[in-house]
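Good morning, and thank you for coming. I would like to take you through one chain today, beginning with its overall form and ending with a few individual residues.

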Amino acid sequence: MPDPAYVHAAFSSIAARYVTANHLLSMGADILWRARAIEKIAEWQPQRLLDAATGTGDLALAVQRAFPETDVVGTDFCRPMLDVAVQRGLEQVLEADAMHLPLPEASFDVLTVAFGLRNMADYEAALREFHRVLTPGGHLLVLDFSMPSGLMTMPYRMYLHHILPKIAGFITGNSSAYDYLGESIEAFPRDEAFLDLLVRAGFTMPTQLPLLSGIASIYTAQA
Ligand SMILES: C[S@@+](CC[C@H](N)C(=O)[O-])C[C@H]1O[C@@H](n2cnc3c(N)ncnc32)[C@H](O)[C@@H]1O
């Protein structure tokens, strides 16, 4: 399981270059994945949406733009990442550990977490905390890396473990943060294992939408 102190230090060190690195390393695919997430969220017509581990705010900003009537809060435990989110126009941020949110239960009808849960020390405990702050019947959306199957697996692993850390190290000055990225993706439960985890954490009706041959997935469930 990821070490929170390491995760906090790693994201603090790359905050200023995180957005550029993200778009370059995914060759823009992360933008399309967030657009798919927005399509999904649109079905739920959110009133109060919490974006956990919002980082530099990409998903929260996309929600804020797409649904101007929605009350959007981005939360993260890494101040330098939140500072970038605010500079980019995110209106409401909260510095907090997603595993212990300083929020009352049932206070949001939608909770999103993009590329964040994988970095938390205990996935199931984090999901239980998300369940707590969601209204009964509220919607959870998790966007994160999974692992492509079949012919794509080997070339993807080669990119993830050998090529990506070198390019990312060049862009951000911290290649170890990107060695960690590959390790965290390998360790993160995917497909059926993740759907089972959602149910263990108290959610119902779990679904998975694989993106780009399964390199990433959007999972949804109801509280
Ligand atoms: C890969 S970034 C993702 C940021 C953003 N959601 C996106 O899609 O670009 C992961 C974020 O998770 C945050 N994070 C990791 N563990 C956390 C925790 N326990 N509580 C709050 N934030 C956490 C990090 O600080 C970092 O900003």
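**A mixed sheet and its helices**

Helix H6, residues 123–133, lies across S1, strand S4 (108–114) and strand S5 (134–145), and runs at about 140 degrees to S5. Please keep in mind throughout that this is a predicted model.

Let me step back to the whole chain. The secondary structure comes to 9 helices and 7 strands. The radius of gyration is 16 Å, close to the 17 Å that the globule rule gives for 223 residues, so the chain is as compact as a globular protein of that length. Along its principal axes, the C-alpha trace spans about 45 × 40 × 30 Å. Buried residues account for 42% of the 223 residues. Of the contacts between residues at least 6 apart in sequence, 66% join residues at least 24 apart.

Now to the sheet. In what order do the 7 strands of the open sheet stand? The order is S3-S2-S1-S4-S5-S7-S6, with mixed pairing. Strand S3 (93–95) and strand S6 (204–211) are the edge strands, each pairing on one side only. On average, and with direction ignored, neighbouring strands are turned by 15 degrees against each other.

Two of the pairings illustrate the mixed character of the sheet. Strand S1, residues 48–52, runs parallel to strand S2, residues 71–76, and 5 bridges join them; within this pair, Ala52 stands opposite Thr75 in S2. S6 and strand S7, residues 216–222, pair in the antiparallel sense over 6 bridges, and there Thr207 has Thr220 in S7 as its bridge partner.

Returning to the helices, helix H5 (residues 79–87) lies across S2 and S3, at about 170 degrees to S3. Is helix H4 mostly enclosed or open? Of its 9 residues, 7 are buried, so H4 is largely enclosed by the rest of the structure. The buried residues are Asp58, Leu59, Ala60, Leu61, Ala62, Val63 and Gln64. They pack against helix H3 (29–42), S1, S2, H5 and S4.

H4 also brings us to the ligand. Helix H1 (4–14) and helix H4 (58–66) each supply at least two residues of the surrounding shell, and H1 gives the most, with 3 residues. Which of the 20 residues around the ligand come nearest? They are Ala53, Gly55, Cys78, Ala98 and Ala114. The shell as a whole divides into 13 nonpolar, 4 polar and 3 charged residues.

I close with the backbone at three positions. Phe115 is found in the loop between S4 and H6. Its phi is near 55 degrees, a positive value in a residue other than glycine. Is Phe115 buried or exposed? Phe115 counts as buried, because it has 23 C-beta neighbours inside 10 Å, and the cut-off for that class is 20 or more.

The other two positions belong to the turn at the sheet's edge strand S6. The hairpin of S6 and S7 has 4 residues between the strands, and Leu212 takes a positive phi near 50 degrees there. Ser213, in the loop between S6 and S7, likewise has a positive phi, of about 55 degrees, although it is not a glycine. With 15 other C-beta atoms within 10 Å, Ser213 is partly exposed, whereas Phe115 is buried.

Key:
Residues numbered from 1 in each chain as written. Predicted model: local features only at pLDDT ≥ 70, side-chain atom pairs only at ≥ 80, totals over all residues. Pairing = 2+ DSSP bridges. Axes fitted to C-alpha atoms, helices over the stretch in contact; angles between N-to-C directions. Contact = placed C-beta atoms within 7 Å. Near = placed C-beta within 6 Å. Nonpolar A, V, L, I, M, F, W, Y, C, P; charged D, E, K, R; others polar. Rg over C-alpha atoms; globule rule 2.2 N^0.38 Å. Buried ≥ 20, exposed ≤ 12 C-beta atoms within 10 Å, placed from the backbone.
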